[in-house]
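Hello,

Here is the structure I promised to pass on to you. Please open it alongside this email, and then read on for what turned up.

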Amino acid sequence: MNNSLPVVLVHGFWHGSWCWNPVVEKLAGRGILSVAVDLDGHGLCGPAPRARRARPFDAQAFATELSPVATVTASSAAASLAERIRTIGGGRPCLVVAHSMGGVVATALAEHAPELVAGLVYVSALAPVNGEPAAFYSTCPENAGEKLLRLVGADPAVVGAARIDFDDPRRRDQIKEAFYGDIDDRTADAAIALLSSDGPVGIPAEELTVTAQRYGSVPHAYVTCARDNALPLALQHRFIKEIDAVSAAPTAVTELDSSHSPFLSQPAALADAIAGTVSALTSLRRVA
């Protein structure tokens with residue numbers, strides 16, 4: 001039986017468990033069990049609006065159709081994630097690794113069920129721990145220079161989602177620049193073809209309350225991405241400071257010179273960072 005700490009990999013908006021495949025492979029080579037999951041509203045858990053695949057394409061319908069994932073919230077997605085972790089861990093807590101908007105769900109999970117989280121690694125992720133919803137940070141000065149919000153093609157208040165037409169070839173270069181700037185064209189195009197159109201707006205809109213006794217007791221790490229066009233480095237550093245303000249121990253930081261998607265551009269380096277956290281947590285558990 002593999003006695004290493006189980007690792008659960010959580011994707012961000014518009015992505016799915018598929019994006020972690022290169023990292024799962026690298027972790028397996030290091031003897032670490034990892035499982036990538038689909039968050040509610042994404043992948044196999046995220047039906048697309050009818051207008052996305054309708055032909056001829058109706059831009060008006062795409063901009064106004066209510067999202068089938070509009071009811072998903074950070075708390076509901078965290079509750080679903082908790083059930084999966086109970087299954088994956090078989091009664092043991094897991095190391096949770098969360099990317100981008102997945103950090104909001106992981107933050108809610110660590111507050112609501114800290115007994116399931118042996119540690120939490122944010123990978124260029126949002127970590128709303130100061131009482132503001134994740135959406136608040138889009139207007140912060142640290143978010144200046146981001147190249148993601150221009151892609152949103154519908155009013156989230158109307159459709160209940162952050163909706164992007166990833167099938168529009170005219171937006172391809174902007175999409176690559178936002179998510180996959182340091183990834184080869186073939187891989188980037190394959191990833192773009194797999195993206196979901198809707199990110200449930202209930203996740204970034206929900207105000208989360210975390211406590212030092214629950215969330216703050218969970219060991220935290222953060223992997224920064226220096227060339228990130230979706231979540232600027234300055235905003236990543238702001239999240240680290242806010243995490244430290246409510247945590248029992250400082251956040252362990254690993255710096256990568258990557259785009260927003262190191263799981264595709266630098267899977268080995270990202271796997272090394274995760275493996276280092278697994279090793280540190282395993283040592284702590286032995287001492288305890």
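**What was found**

Tyr180 touches His15, Trp18, Ile175, Ala188, Ala191, Ile192, Leu195, Ser259, Ser261 and Leu264, leaving aside residues up to four places away in sequence. Please keep in mind that this is a predicted model. Tyr180 is also a good place to begin with the interior: the largest nonpolar core has 88 residues, and Tyr180 and Ile274 are those with the most contacts inside it. Helix H12 (residues 267-287) gives the most to this core, contributing seven residues. As general background, nonpolar side chains tend to be buried together in soluble globular proteins.

Three of the residues that Tyr180 touches, Ala188, Ala191 and Ile192, bring us to helix H8. This helix spans residues 185-194, and its buried residues are Ala188, Ala191 and Ile192. Looking down the axis of H8, you will find these buried residues within an arc of 100°, so they line one face of the helix. A general point helps here: an α-helix has 3.6 residues a turn, so residues three or four places apart point the same way. On the face of H8 turned away from the buried side sit the exposed residues Arg186 and Ala193. The cover over the buried residues of H8 includes helix H7 (172-179) and helix H11 (262-265).

Next, the sheet. Six strands form an open sheet in the order E2-E1-E3-E4-E7-E8, with parallel pairing. Strand E2 (34-37) and strand E8 (252-256) are at the edges and have a single partner strand each, so one side of each is left without a neighbour in the sheet. From one strand to the next, the twist averages 20°.

Strand E4 (residues 117-123) deserves a look of its own. How many of the residues of E4 are buried? Seven of its seven are, so to speak, mostly covered. E4 pairs with E3 in the parallel sense over six bridges, and Val123 in E4 is the bridge partner of His99. Four bridges join E4 to strand E7 (residues 220-225), and these two strands run parallel. In that pairing, Leu120 stands opposite His220 in E7. Helix H5 (residues 102-112) lies across strand E1 (7-10), strand E3 (94-99) and E4, and runs at about 150° to E3.

Ala154 is another spot to visit. It is placed in the loop between E4 and helix H6 (156-159), and with a relative accessibility of 9%, Ala154 counts as buried. The C-alpha atoms of Ala154 and Ala63 are separated by 4.6 Å, although the two residues are 91 residues apart along the chain. Leaving aside residues up to four places away in sequence, Ala154 touches Phe62, Ala63, Val159 and Arg163.

Last, the cysteines. How many disulfides does a search of the whole structure find? The search finds zero. Cys19 is in no disulfide, and the nearest cysteine sulfur, that of Cys225, is 12 Å away. Seen from the other end, the closest cysteine sulfur to that of Cys225 is in Cys19, and 12 Å is too far for a bond. Cys19 is buried, with a relative accessible area of 0%, and Cys225 is buried with a relative accessible area of 0% too.

Happy exploring, and best wishes!

Note on methods. Residues are numbered from 1 along each chain as its sequence is written. This is a predicted model: local features need pLDDT of at least 70, side-chain atom pairs count only at pLDDT 80 or more; totals for chains, interfaces and linings use all residues. Side-chain values use heavy atoms; hydrogens and water are left out. A disulfide is a pair of cysteine sulfur atoms within 2.5 Å. Buried means under 20% relative accessible area, exposed over 50%, partly exposed in between (1.4 Å probe, protein chains only). The arc is that of the directions from the helix axis to the C-beta atoms. Contact means heavy atoms within 4.5 Å. Two strands pair if DSSP finds at least two bridges between them. Axes are lines fitted to C-alpha atoms, for helices over the stretch in contact, and angles run from 0 to 180 degrees between N-to-C directions. A nonpolar core is a set of buried Ala, Val, Leu, Ile, Met, Phe, Trp, Tyr and Cys residues joined through side-chain atoms within 4.5 Å.
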